[in-house]
Every structure is written in C-alpha cells, then in structure tokens.
Amino acid sequence: MGRHNKLNKGQQRRVRQNMQKRLATREIKAEAEWSADQLGSMESATVISRFGQHADIETSDGEILRCNMRRTAGSLVTGDFVAFRRAPQNEKGLQGVIEAVEERTSLLTRPDMYDGIKPVAANIDQIFVVSSPLPAFSSQIIDRYLVACEDIGIRPVIVLNKADLLDDTIRPYIEERLDVYRKIGYQVAMVSAAKASGIDQLTELMADNVSIFVGQSGVGKSSLVNTILPQADIVTADVSSNSGLGQHTTTVARLHRLPNNAALIDSPGIREFGLWHIEADKVTWAFRDFRPFIGGCKFRDCKHLTDPGCALQQAVLEEKLDAERLENYHRIIDSLEKK
Ligand SMILES: Nc1nc2c(ncn2[C@@H]2O[C@H](COP(=O)(O)OP(=O)(O)OP(=O)(O)O)[C@@H](O)[C@H]2O)c(=O)[nH]1
Ligand SMILES: [Mg+2]
Ligand SMILES: [Zn+2]
C-alpha cells in the first residue's frame, strides 16, 4: 500500500548484506518449523502489531501475515519496516519469518517501572497527545509528552477528546490551557469521539503521515480510532466510576490504515509518564516557550525558582510566560532528581 512498504535499492542491499553476514557466521535455524531453504524470497513489510515472539505484518499488497521473529532480527515494534520470508504453508497460525528490521527514522519509547525503557512505536511522523475532561485533564501529563516529543524531534498535536463532557465548571480552565499551547505554536484539536465532532480536522492532520495516539488510559484513544475507522471495531471500556481512571483496555499498539494514505497507531494508555531517561538540560530546552528567556538569568546555574534575577520568573511576572508551564517544568525536574 503506502510508500512505507517499499524498501529502496540501498535498503534492500543493506538487508541482503546483513543477511549474508549472519548466514556466514551462523547457520540460521528458523524458530518456526521451517528450514531456510523452505522459505520464500525476501519481501518487505510493515509491523502492524507485536505479540511476544510473534508479529502481524502487512505486506506491500496489504495482506496481513502472522510471523515468527528471528532472535537475530533484534527488537521489533509497531511501525517497524521489516524484511520477511513466506513459509511454505500456514503452520500453527504462522505464515512466515521476519529476518531483519530496517533502521528506524524515529522511535517513541516510554519508561516502564519494571522493564526499563520500552519501545512503543517506530517510524512515526506525529504524536497525537490525547486528553479529556474525564479522566481529569492534566496539563502535567501533556507537558511531559511534549518534552518527550521535543526530545525525539517528532511533531506533537494536542487533542482534547470528550468535548461533549465540557461543562461550565471545567470549560474555562481547559480552554485557557489549550490557548497556552496554541500560543506556543502547537497544533490543538478539540474533538468528541462520541459525537463525531472535530474528526475531519483530525484526519486532515493525519493525511500522508504515520500518527500515533498516546495519553492516559480512558481518554478515548481507541474510541477515536473507531470513530475515524468504524471497521477497526476496537474494544473500549468505561472509565472506572470509583477512581475516575481508565481500565487499561488496550494492551498492544496496533497500526491501522486510513483512506488518505495515512497510518494511525492506537497505543495502550498510561497511568504516569516518567521522563527519567531525559537529562535535565534537555527538559529545559524542550520547553520551547522558555527558549527566548534562557540565558537571560543573572546566574548561570539559575534553578529558575527563587534565584535573584531569574529571567523565567520575571517573564511570568510580566505575563510573557505561562505560570503553570513553569510549575510543571519544576515538577518534572523534581521527579528527575528523585529517580
Ligand atoms: N462522553 C464521551 N465519552 C467518550 C468519548 N470518547 C470515548 N469515550 C468513552 O471513554 C471510555 C474510554 O474510552 P477508550 O476508547 O477505551 O479509551 P482509551 O484511551 O483507548 O483507553 P486505554 O485503551 O485503556 O488506554 C469509553 O467508555 C468510551 O465510550 C467522547 O468523545 N465522549
Ligand atoms: Mg484503548
Ligand atoms: Zn532562571
């Protein structure tokens, strides 16, 4: 289907060379039941979803095949471009073997308390940071995602879903926050999966790109995919009435094709988004709205708290910088120090 399925000449050559290297150093035994000479010739595909030692891949004809992965193929995530070989027949639900993974143009990771840094998706062009009024809107989580996006150099889009739930108590605050992001220069979209409102604007932003929905569990990422692409028919679940939090319904990232040459990845929701894999200086830089003032502080090692002559604090006083952004910044820096 899309341009992303095709390996160019150089890539094909690299894949072949890597294969030959491996063939030379060790005999390849398929972890599936096939010997190397039973498998078809090398083809390219995109990883749709990954489950343990298996992955669903999409071939250049749009066919979905479940494959085994060679241990030598390295780590694999949704969005990866791979080289695979077809099996002679479907065996135990498996239809081929993934031999190699293409170099990635981007990789979104998230720190996991148990597993360390976990890759979420590869080769994405933009990240839709989805929030909602329920679970409660959190500018802290949005700012954490924005730091991660700046760090890996991927364009973020801020999405407020469940706009149908905005009432007079919460609407003014959320609109104020969204305005802050607009002023910084971020794309913002207010949508409702339930009412199918704002969806055209959203899909226009996705055209010709690979996009991913990220955000807290329960904000409606899968519901949005279902509204955009009804045949996706993803399972969704109510936000818990006790905690007001999502139930972690989606457990693996999955890539969906949209008609406008777009790919959209639904990802599992998070409870917290840690940033302890990013240096403090990088965090400061990632707050783009701070950049005009950085370097203007009296002291080089200014912590931008109560230090005299702090250009950031001054900018907040003069309403040139948003106070909540500076607060969120300090909460992120504090969490790095406690790691
Ligand atoms: N009122 C309203 N409810 C919505 C909207 N979008 C989603 N919901 C509801 O929010 C709940 C959570 O939706 P999901 O789509 O499962 O949320 P998710 O972000 O995919 O959650 P995880 O898979 O756990 O990360 C469901 O009960 C949805 O029906 C919306 O626009 N308005
Ligand atoms: Mg979901
Ligand atoms: Zn300062």
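These numbered points cover two metal sites, one tyrosine and one helix in a predicted model.

1. Ground rules. Local features need pLDDT of at least 70 and side-chain atom pairs count only at pLDDT 80 or more, while totals for chains, interfaces and linings use all residues. Residues are numbered from 1 along each chain as its sequence is written, chains are lettered from A and ligands numbered from 1 in the order in which they are written, and side-chain values use heavy atoms, with hydrogens and water left out.

2. Zinc site. The zinc ion (ligand 3) has the protein donors Cys297 (SG), Cys302 (SG), His304 (ND1) and Cys310 (SG), at 2.1 to 2.4 Å. Donors are N, O and S atoms within 2.8 Å of the metal (3.2 Å for Na, K and Ca); water is not among the atoms, so sites may look incomplete. The sequence spacing of the donor residues is C-x4-C-x1-H-x5-C. Cysteine 297 and cysteine 310 sit 13 residues apart, both in the loop between α6 (280-286) and α7 (311-317). Helices here are DSSP runs (H or I, at least four residues), and strands are E runs of at least two, numbered from the N terminus.

3. Zinc geometry. The four donor atoms subtend angles of 103 to 115°, so the arrangement is tetrahedral. That label requires four donors with all angles between 85 and 135 degrees. The ideal angle for four tetrahedral donors is 109.5 degrees.

4. Burial at zinc. Cysteine 297 is buried at 12% relative accessibility. Cysteine 310 is buried too, at 4%. Buried means under 20% relative accessible area, exposed over 50%, partly exposed in between (1.4 Å probe, protein chains only).

5. Magnesium site. Ser222 (OG) and Thr250 (OG1) are the protein donors of the magnesium ion (ligand 2), at 2.0 to 2.1 Å. Serine 222 is in helix α5 (residues 221-228) and threonine 250 in the loop between α5 and β12 (254-258), so the pair ties together parts 28 residues apart in sequence. Serine 222 is buried at 8%. Threonine 250 is buried at 16%.

6. Tyrosine 173. This residue belongs to helix α3 (residues 171-184). Tyrosine 173 is partly exposed, at 29%. Leaving aside neighbours within four places in sequence, tyrosine 173 contacts Phe137, Ser139 and Glu324. Contact means heavy atoms within 4.5 Å.

7. Helix α8. The 15 residues of α8 (residues 323-337) should span 21 Å at 1.5 Å a residue, and the end C-alpha atoms are 21 Å apart, which agrees. The expected span is 1.5 Å times one less than the number of residues. Buried residues of α8 include Glu324, Leu326 and Ile333. The buried residues pack against α2 (139-152), α3, α6 and α7.

Technical notes
Four donors count as tetrahedral if all angles lie between 85 and 135 degrees; four count as square planar and six as octahedral if opposite donors are over 155 degrees apart and all others between 65 and 115; anything else is irregular.
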